[in-house]
Amino acid sequence: MKGLIQRVSEASVAVDGETIARIGPGLLLLLGIERNDTLNEAKELCRKILSYRVFPDEQGRMNVNVQDAGGSLLVVPQFTLAADTSSGTRPGFSLAAAPELANRLYGDFVAEASGLLGAGRVGTGEFGADMKVALINDGPVTFMLESGQRGSCTKM
């Protein structure tokens, strides 16, 4: 499971010209789900993202996580993050989870985030929809986090 997080001043997602979610200061998360991902990876990555310190403290150092900063989280499913780009000039999607699994794990991730951060602070995109995502990247600050086999997330 891959999560591209961006610290934002604001972000929104629209489907068919209608804004379905909007947040103020916080994190925009583009979430890619791969075929071997499980509920464990969803929970692991969620906890890692919510505890990742990317907001400034009083000295201006990135020492504060989204929860302690009082920020929100906008979670957008991003199928293309699961692409295999290791060869050629066209991405392959054999590593991506099947839609049924991906949708279930996306829902599990959102439920975990809502439980930890608070439902009123978590916005969502629409799985499988053609979405228009708008954001003001604050910094810019952008990080790619991964879970599972890559071992880059630790258990919390």
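A salt bridge is a side-chain nitrogen of Lys or Arg within 4 Å of a carboxyl oxygen of Asp or Glu. With that in hand, welcome to these close-up views, which come from a predicted model.

**View 1. Asp138 and Arg7 meet in a salt bridge.** The closest N and O atoms of Asp138 and Arg7 are 3.4 Å apart, which is under the 4 Å limit, so the two residues form a salt bridge. Asp138 belongs to strand β8 and Arg7 to strand β1, so this pair ties together parts that are 131 residues apart in sequence. How buried or exposed is each partner? Asp138 counts as partly exposed because its relative accessibility is 31%, while Arg7 is buried, with a relative accessible area of 10%. Arg7 also has a bridge partner in strand β3, namely Leu27.

**View 2. Strand β1 is largely enclosed by the rest of the structure.** This strand runs through residues 2-15, and 12 of its 14 residues are buried, so it is largely enclosed. Which strands pair with β1? Strand β3 (residues 26-32) does so in the antiparallel sense, over 7 bridges. Strand β8 (residues 131-146) is also antiparallel to β1, and here the pairing covers 12 bridges. Look for Glu10, which stands opposite Ile136 in β8. Strand β2 (residues 18-23) is another antiparallel partner of β1, with 5 bridges. As background for looking at such strands, in a regular strand the side chains alternate between the two faces of the sheet.

**View 3. A hairpin joins β1 and β2.** Just 2 residues lie between the two strands of this hairpin. In the turn you can find Asp16, whose phi is positive, at about 55°. Within the paired strands, Ser12 has Arg22 of β2 as its bridge partner.

**View 4. Glu34 and Lys2 join side chains in a salt bridge.** The N to O distance here is 3.8 Å. Glu34 sits in the loop between β3 and α1, and Lys2 in strand β1, so to follow this link you cross between distant parts of the chain, 32 residues apart. Both Glu34 and Lys2 are buried. In the whole model, the count of salt bridges comes to 4.

**View 5. Helix α2 has the length expected for its residues.** This helix takes in residues 99-117. Why does its length agree with expectation? At 1.5 Å a residue, its 19 residues should span 27 Å, and the end C-alpha atoms are 26 Å apart, which agrees. The buried residues of α2 include Leu105, Tyr106, Phe109 and Val110. Which elements do the buried residues of α2 pack against? They pack against β3, α1 (39-51), β6 (72-77) and β7 (122-124). After the helix comes Gly118, which has a positive phi near 115°.

**View 6. Glu112 and Arg47 connect two helices.** The side chains of Glu112 and Arg47 meet in a salt bridge, with 2.7 Å from N to O. Glu112 is in helix α2 and Arg47 in helix α1, and this pair links distant parts of the chain that are 65 residues apart. Glu112 counts as buried because its relative accessibility is 13%, whereas Arg47, with a relative accessible area of 32%, is partly exposed. In general terms, side chains of opposite charge can pair when their charged atoms come close.

Technical notes:
Residues are numbered from 1 along each chain as its sequence is written. This is a predicted model: local features need pLDDT of at least 70, side-chain atom pairs count only at pLDDT 80 or more; totals for chains, interfaces and linings use all residues. Side-chain values use heavy atoms; hydrogens and water are left out. Buried means under 20% relative accessible area, exposed over 50%, partly exposed in between (1.4 Å probe, protein chains only). Helices (H or I, at least four residues) and strands (E, at least two) are DSSP runs, numbered from the N terminus. Two strands pair if DSSP finds at least two bridges between them. The expected span of a helix is 1.5 Å times one less than its number of residues. Contact means heavy atoms within 4.5 Å.
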